[in-house]
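Let's take a walk through this protein, starting at its metal site and working outwards. Have the coordinates open as you read.

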Amino acid sequence: MKKTMAWLTACMLILVLAACGGGKQSADSGSSGESDADVTASEELVIKASNYEFDQPEYHLKKGVPVNIVYENVNGNHGILVPELNLQLDTRNNSKVITPDKVGEFEMSCSVFCGSGHSSMISKIIVEE
Ligand SMILES: [Cu+2]
């Protein structure tokens, strides 16, 4: 009986490990902004979107500093997309830790086609040294 329990425990452990290793890693690979759940960010940046604007015309980040980007949908249905930082968030997937690794200004747009004002939903992420 004891042996069975040990065997079961081992199986469970393997299952848990396998579950952690797989999944999660989705479409993000091979772009600049390092992104990983393992990195703990001490900074947090909340970006809010409503019909049809972001709450700030620009957002500032520091190069090399991990930051947890949190997307908040105020009204309508929007998202954010910053291809150069490998960042895409929306209501279902609303936070991500990134570490900007290059200085510059990166255009942020709305990732959801939300209606008449969609194309005017533009903001900037500015990464500074
Ligand atoms: Cu939108």
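## The copper site

A quick definition before anything else: four donors count as tetrahedral if all angles lie between 85 and 135 degrees. Keep in mind, too, that this is a predicted model. With that in hand, look at the copper ion: its 4 donor atoms make angles of 88 to 133° with one another, so the site falls inside those limits and is tetrahedral. For reference, the ideal angle for four tetrahedral donors is 109.5 degrees.

Who does the holding? The protein donors are ND1 of His78, SG of Cys110, SG of Cys114 and SD of Met121, at 2.1 to 2.7 Å from the copper ion. Along the sequence these donor residues follow the spacing H-x31-C-x3-C-x6-M. The His78 and Cys110 pair ties together distant parts of the chain, 32 residues apart. His78 sits in the loop between strand S5 (67–73) and strand S6 (79–82), while Cys110 sits in the loop between strand S9 (104–109) and strand S10 (122–128).

## Cysteines and burial

Both His78 and Cys110 are buried. Cys110 has a relative accessibility of 5%, and it counts as buried because the cut-off is under 20%. Cys114, at 18%, also counts as buried because it falls under that 20% limit.

How many disulfides does the model have? The count is 0 disulfides. What the two donor cysteines do have in common is the copper ion, which each of them binds through SG.

## A histidine in the same loop

His118 belongs to the loop between S9 and S10. Its relative accessible area is 18%, so it is buried by the under-20% rule. Setting aside neighbours within four places in sequence, His118 is in contact with Tyr52, Val112 and Phe113, and also with the copper donor Cys110.

Tyr52, one of those contacts, is worth a look for its backbone. Tyr52 lies in the loop between S2 and strand S3 (53–54), and the peptide bond leading into it from Asn51 is cis, with omega near -15°. Another backbone oddity is Asn86, in the loop between S6 and S7: Asn86 has a positive phi of about 55° although it is not a glycine. Most residues other than glycine have a negative phi, and most peptide bonds are trans.

## The strands and the core

Zooming out, the protein has 1 helix and 10 strands, with the helix coming before the strands in the pattern α-β-β-β-β-β-β-β-β-β-β. S10 pairs with S9 through 6 bridges, running antiparallel, and with S4 through 5 bridges, running parallel. Two partners to pick out in S10 are Ser123, which is bridged to Met108, and Ile125, which is bridged to Tyr59.

The largest nonpolar core holds 23 residues, and Ile47, Phe54, Ile69 and Ile80 touch the most other members. Two or more residues each come from strand S2 (43–50), strand S4 (58–62), S5, S6, strand S7 (87–90), S9 and S10. What does Phe54 touch, leaving aside neighbours within four places in sequence? Its contacts include Ile47 and Ile80, along with Tyr59, Met108 and Ser123. Phe54 also contacts Cys110 and Met121, both of which are copper donors.

## Tyr71 and Thr91

Tyr71 lies in strand S5. Is Tyr71 buried or exposed? Its relative accessible area is 3%, so it is buried by the under-20% cut-off. The C-alpha atoms of Tyr71 and Val46 are 5.9 Å apart, with their positions 25 residues apart in sequence. Not counting residues up to four places away, Tyr71 touches Ile47, Ile80, Leu89 and Thr91, among others, and it also touches the copper donor His78.

Thr91 is found in the loop between S7 and strand S8 (95–99). At 44% relative accessibility, Thr91 counts as partly exposed, because it lies between the 20% and 50% limits. Besides Tyr71, Thr91 is in contact with Asn73, Asn77 and His78, leaving aside neighbours within four places in sequence. Its C-alpha is 7.2 Å from that of Glu72, which is 19 residues away along the chain.

## The whole chain

Of the 129 residues, 33% count as buried. Among contacts between residues at least 6 apart in sequence, 66% join residues at least 24 apart.

Definitions and conventions. Residues numbered from 1 in each chain as written. Predicted model: local features only at pLDDT ≥ 70, side-chain atom pairs only at ≥ 80, totals over all residues. Heavy atoms only, no water. Disulfide = S-S within 2.5 Å. Buried < 20%, exposed > 50% of the residue type's maximum accessible area, 1.4 Å probe, protein only. Donors = N, O, S within 2.8 Å, 3.2 Å for Na, K, Ca; no water. Tetrahedral: all angles 85-135°; square planar, octahedral: opposite > 155°, others 65-115°. Helix = DSSP H or I, 4+ residues; strand = E, 2+ residues; numbered from the N terminus. Core = buried A, V, L, I, M, F, W, Y, C linked by side-chain atoms within 4.5 Å. Contact = heavy atoms within 4.5 Å. Pairing = 2+ DSSP bridges.
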